[in-house]
Every structure is written in structure tokens, then in C-alpha cells.
Amino acid sequence: MTTVTLHPVGTVIGGRTEAFDDDWNTEEALIRLDGTRFAPDALAGLDEFSHLEVVFLFHLVDPASVHTSARRPRGNPDWPPVGIFAQRAKNRPNRLGVSRCRLLAVDGLDVRVRGLDAIDGSPVLDLKPYMAEFGPQGETAQPAWATELMRTYY
């Protein structure tokens with residue numbers, strides 16, 4: 001396997017300081033780009049989009065607590081054991097999170113968002129504008145436990 005080295009493009013500032021699973025739609029935070037690597041023009045045109053996709057690191061997850069096998073999401077005995085790649089848990093092999101959130105404003109190197117399920121201090125690895133054409137084509141499907149789990153997430 002190839003080794004990959006990533007350098008954060010920015011950091012989450014504000015919002016939650018602890019990871020807990022529900023009501024993320026009430027959270028507002030800033031994503032501040034690294035001013036040593038980027039100028040404000042790196043964000044030119046971003047403010048024309050309503051939503052972003054943010055790739056970030058679950059930086060507070062201890063690598064020793066990473067799961068690689070099946071488990072019950074959130075430890076709920078009513079839900080089936082599913083593999084780590086069939087869920088979006090933070091204790092994943094590379095500790096990467098991907099979140100879609102509402103873009104509220106762009107100011108210099110600061111991007112203000114709502115609904116980002118990353119916490120204060122999370123390294124941001126990439127930002128992308130959400131474009132509907134990159135959403136799923138055709139119908140989507142998911143198991144009942146996933147719908148139940150997400151009912152109060154946002």
C-alpha cells in the first residue's frame with residue numbers, strides 16, 4: 001500500500017468542543033484556512049453555493065480505539081452488527097469525517113457554516129462546494145436502523 005501524507009487546509013473554530021451525536025443542525029462554526037498556504041482568493045466564488053462538503057480528521061479519536069470489524073452502531077442492541085465501512089462512526093481506520101453543511105458566509109479566510117458535525121480544533125483536509133449533480137443518481141436505499149439513527153442527528 002502507498003503511504004499518503006495530508007496537510008490540513010484549515011481548522012474548525014468554535015461550535016462543539018465535545019463529540020456527541022445529535023442536533024448538529026443547531027451548531028455554527030468557522031472553518032479558518034491556513035493563511036500561510038492560502039490567500040482569500042482560494043475561496044473566490046464559494047459564497048455562491050448554499051452547501052459545502054467538508055473532509056476533516058476526527059482528531060480526538062485515539063488510534064487505539066479504531067474499529068475495523070462489525071459492531072452495533074452506537075452500541076444499540078436493537079440494531080444489527082455492521083462492518084465499519086457500513087456505518088459512519090468516528091472510530092474508523094483513517095479517522096476521516098465527511099460532512100455536508102450549510103454555508104453561511106465567506107469572509108477573508110473564514111468560512112462560516114451551520115450543521116458541520118466536526119468539533120472545535122478539527123483539522124480540515126478539504127472543502128468542496130456541494131453540487132446537486134454529485135449527489136446520488138436515481139433512488140437511494142438504506143436499512144431501517146440507519147434511518148432511525150439519523151432521525152435526530154440534524
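**One cavity and a set of aromatic pairs**

This structure contains 1 cavity of 30 Å³ or more. Keep in mind as you read that the model is predicted. Alongside the cavity, the structure has 3 aromatic pairs, and two of the pairs are described below.

**The cavity**

- The volume of the largest cavity comes to about 40 Å³.
- Strand E2 (28-33) and strand E5 (110-114) are the elements that each contribute two or more residues to the lining of this largest cavity.
- Residues lining the largest cavity include Gly14, Gly15, Arg16, Trp24 and Glu27; Glu28, Ala29, Val113 and Arg114 are also among them, as are Gly115, Leu116 and Ala118.
- Sorted by class, that lining is made up of 5 nonpolar, 3 polar and 4 charged residues.

**The Phe56 and Phe58 pair**

- Phe56 and Phe58 make an edge-to-face aromatic pair, with 5.1 Å from centre to centre and 80° between the planes.
- Phe56 has a relative accessible area of 1%, so this residue is buried.
- Phe58 also counts as buried, because its relative accessibility is 16% and the cut-off for buried is under 20%.

**The Tyr153 and Tyr154 pair**

- Which geometry do the rings of Tyr153 and Tyr154 have? Their planes lie at 80° and their centres are 5.0 Å apart, so the pair is edge-to-face; planes over 60 degrees apart count as such.
- Tyr153 is buried at 13% relative accessibility, whereas Tyr154, with a relative accessible area of 39%, is partly exposed.
- Tyr154 falls in that class because partly exposed covers the range between under 20% and over 50%.

Technical notes: Residues are numbered from 1 along each chain as its sequence is written. This is a predicted model: local features need pLDDT of at least 70, side-chain atom pairs count only at pLDDT 80 or more; totals for chains, interfaces and linings use all residues. Side-chain values use heavy atoms; hydrogens and water are left out. On a 1 Å grid over the protein atoms alone, a cavity is a set of points where a 1.4 Å probe fits but cannot get out, and a pocket is an open set with protein on both sides within 12 Å along at least five of seven lines; lining residues have an atom within 4 Å of a point. Grid points are joined across faces, edges and corners, and a volume is the space filled by probe spheres set on the points. Helices (H or I, at least four residues) and strands (E, at least two) are DSSP runs, numbered from the N terminus. Ala, Val, Leu, Ile, Met, Phe, Trp, Tyr, Cys and Pro count as nonpolar, Asp, Glu, Lys and Arg as charged, and the others, Gly among them, as polar. Rings of Phe, Tyr and Trp (its six-membered ring) pair if their centres lie within 6.5 Å; planes under 30 degrees apart count as stacked, over 60 as edge-to-face and the rest as tilted. Buried means under 20% relative accessible area, exposed over 50%, partly exposed in between (1.4 Å probe, protein chains only).
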